[in-house]
Amino acid sequence: MSMIIPEKLAIIAGNGVYPRLLAESARRQGVKNIFTIAFRWETDKIIEKVSDKTVWIHLGQLDAMLTALKSSGIKTAVMAGQITPTHLFTIRMDTKMISLLKSLKIRNAETIFTAVARELAQIGISLIPASTFMEDYMPGPGILTVRSPTEPEWNDINIGFKIAKAISNMDIGQTVTVKDGVILSVEAFEGTNEAILRAAKLGGSGITVVKVAKEGHDMRFDIPVIGTNTIKTLRKAKAAVLAFEAQRAIILEKNIVINEANKFNISICLLYTS
């Protein structure tokens, strides 16, 4: 890692195992003090075991988050973990969050988190890439599983990659599903898992799932993440292939993911992109 390891780190923690794994990796790399902002009904309570201090707030309480972070005295923060998309429509927003959203003509992950990053900068906190401390979780190109894609599946991968790059650059989503050359679903606000299940309803078993990061992607947030929940969804959809970009996505609990994929004959491949 080329960056100087901060002595103190604030983690803005979403759901899943990602925040915990990042905290553990940060400790191993020399971070001595971890302060966590955790969200009720989202963040796993296990985060308290790997943090020196955890402040629990409701999603949408931007002022409370900024106040807690400023009081901590920590100058470096990282966002880790996703937020359930539907919760953005049911959260109890404070005045500051309402004002922030009203200032945005387009509301998606990038515009919202960019605006939050600006708020952090105004109180002297630098938001570093979500991939920081997670280099070991970002594998290089190749086939991770026993089974490689078939020739028709490679064709679907190539189609999906082209379309996924196009829609990601329009801030629609990062995932496309394909079967026999037919685009079955394009991820929008519902998230990757729902896009996969929607495709399975249309195309049945054997779909190919392609997930990418957009060009010029802001690595401070919303990096593509693959984990055990992804594999559970692929299994439920009876999908055939998952393809994503090498070193531009985070794979959590890699051994479990690969073992489960092999068990259900799912091919996982990482694409080399220049």
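**Exercise 1.** Is arginine 20 buried or exposed, and what is its relative accessible area?

*Solution.* The model is a predicted one, in which local features need pLDDT of at least 70 and side-chain atom pairs count only at pLDDT 80 or more, while totals for chains, interfaces and linings use all residues. Residues are numbered from 1 along each chain as its sequence is written, and side-chain values use heavy atoms, with hydrogens and water left out. First, place the residue: arginine 20 belongs to helix H1 (residues 18–28), helices being DSSP runs of H or I with at least four residues, and strands E runs of at least two, numbered from the N terminus. Next, apply the cut-offs, where buried means under 20% relative accessible area, exposed over 50% and partly exposed in between, with a 1.4 Å probe and protein chains only. With a relative accessible area of 18%, arginine 20 is buried. Finally, leaving out residues up to four places away in sequence, arginine 20 touches Ile46, Ile47 and Val50, contact meaning heavy atoms within 4.5 Å.

**Exercise 2.** Determine how the buried and exposed residues are arranged around helix H9 (residues 254–263).

*Solution.* Begin with Val257, Ile258 and Ala261, which are buried. These three lie on the same side of H9 because they cover an arc of only 95° around the axis, the arc being that of the directions from the helix axis to the C-beta atoms. Then turn to the other side of H9, where Asn255, Asn259 and Lys263 are exposed. The cover over the buried residues includes helix H8 (228–237), strand S12 (250–251) and strand S13 (267–271).
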